[in-house]
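Biologist: I would like a close look at a single part of this model. Please take the sheet, then move outward to what surrounds it.

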Amino acid sequence: MEWCIQYIGTYLRLQAAIDWLYVLFFRMSFSMLITKEITSLGKAFLVLEVLATADGSLTLLEMVHELGLPKPTVHRILQELLELGYVSRLEKGVYQITPKLRRLASGSLEDRLKELAAPLLRELHEQTGETVNLGVLRGTQVRYLSVLESTHPLRRIVEPSSTDPFYSTSLGRAITSQLTDEAWDALIARTRLVARTRETIIDLKQLRKIHQQTQADGYSVEQDQNDVGVTCIGAPLYEGTQVVAAISLSVPTARADAKALQQFIKAVVRTARQISRQLQPQT
């Protein structure tokens, strides 16, 4: 009997040990699974934290040294953050965060934009008598924040908060004008190119030329490409050195002859510069 009791006791201790090992194995496996799932996201946040707390810009090697991560990993994360607009490259191998990341935290840019731009947009509206738009880029779409409609019977009607593709609008072309060729290519790669009218350009080579021309001119003109019979002139708005939005004037093509178009361009560019001065950080 005593032997039997000892045997049962030993068996129970062994079973308890097996159960404990099983639980430990399960917990370790689960922990490894969770760690694997959050690794990429966690590393991206580490890169952002290092850049956000830096006194100015950092080089790739400085970040690698501080983070203790492999150089290819940090470089890959930086490329993704560049494409998303949360990091900018000052020169080869030198990076800093952009105002876009700060705006993401505050969530107040749109309200501030509308408030600061409103008086100047009304002035442009009264001066030209045409429809005035204020918009931002959201993904691959332009989102209209403010629309002041023309008093003319013939006009384009757009509702605030509605969206249009960036590639076929002067607003979108102006907002993306600051993007490097690399960042622009990444944006186009995520975009479904669809012809809105017979005039809509969806050829990549032609779109790239338009992007480069907008960069050179500082404004964009689009005629009949987003809506038949509508010409739009767009110019970027800057907060610091970063483009954060754009304004545009929508005019029936019938009222946009060569002379009128030049006057519209001057008015839009002048208003965009005035609004940008209002958006500059206070020192």
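Which residue in E6 does Gln-141 stand opposite?

Modeller: Gln-141 stands opposite Pro-165 in E6. Keep in mind that this is a predicted model. Strand E5 covers residues 141-148, and 3 bridges join it to E6. The two strands run antiparallel.

Now the whole sheet. It is open and has 6 strands, with antiparallel pairing. The order is E6-E5-E4-E9-E8-E7. Strand E6 (163-165) stands at one edge and strand E7 (220-223) at the other. Each has a single partner strand, so one side of each is left without a neighbour in the sheet. From one strand to the next, the twist averages 30°.

A helix packs on this sheet: H9, residues 258-279. Helix H9 touches E7, E8 (230-239) and E9. The direction of H9 makes about 25° with that of E8.

Next, the loop between E7 and E8, where Gln-225 is found. Is Gln-225 buried or exposed? Gln-225 has a relative accessible area of 10%; buried means under 20%, so this residue counts as buried. Its contacts, leaving out residues up to four places away in sequence, are Ser-168, Arg-173, Arg-196, Thr-197, Glu-199, Thr-200 and Ile-201. Thr-169 is 56 residues from Gln-225 in sequence, yet their C-alpha atoms are 7.4 Å apart in space.

Two of the sheet strands also help to line the largest pocket: E4 (131-138) and E9 (242-252) each give two or more residues to its lining. Strand E2 (87-91) does so too, as do helices H3 (71-84), H4 (99-106), H5 (109-128) and H7 (181-189). This pocket holds about 1000 Å³ of space. Its lining has 35 residues, with Leu-84, Gly-85, Lys-100, Leu-179 and Val-243 nearest the centre. The lining divides into 15 nonpolar, 12 polar and 8 charged residues.

The second largest pocket holds about 160 Å³. Its lining has 11 residues, and those nearest the centre are Ala-44, Phe-45, Leu-48, Leu-81 and Tyr-86. Helices H1 (2-52), H3 and H4 each supply at least two residues of that lining. By class, the lining has 10 nonpolar residues, no polar ones and 1 charged. H3 and H4 therefore appear in the linings of both pockets, each giving two or more residues to the largest and at least two to the second largest, by helices taken as DSSP runs.

Methods
Residues are numbered from 1 along each chain as its sequence is written. This is a predicted model: local features need pLDDT of at least 70, side-chain atom pairs count only at pLDDT 80 or more; totals for chains, interfaces and linings use all residues. Side-chain values use heavy atoms; hydrogens and water are left out. On a 1 Å grid over the protein atoms alone, a cavity is a set of points where a 1.4 Å probe fits but cannot get out, and a pocket is an open set with protein on both sides within 12 Å along at least five of seven lines; lining residues have an atom within 4 Å of a point. Grid points are joined across faces, edges and corners, and a volume is the space filled by probe spheres set on the points. Helices (H or I, at least four residues) and strands (E, at least two) are DSSP runs, numbered from the N terminus. Ala, Val, Leu, Ile, Met, Phe, Trp, Tyr, Cys and Pro count as nonpolar, Asp, Glu, Lys and Arg as charged, and the others, Gly among them, as polar. Two strands pair if DSSP finds at least two bridges between them. Axes are lines fitted to C-alpha atoms, for helices over the stretch in contact, and angles run from 0 to 180 degrees between N-to-C directions. Contact means heavy atoms within 4.5 Å. Buried means under 20% relative accessible area, exposed over 50%, partly exposed in between (1.4 Å probe, protein chains only).
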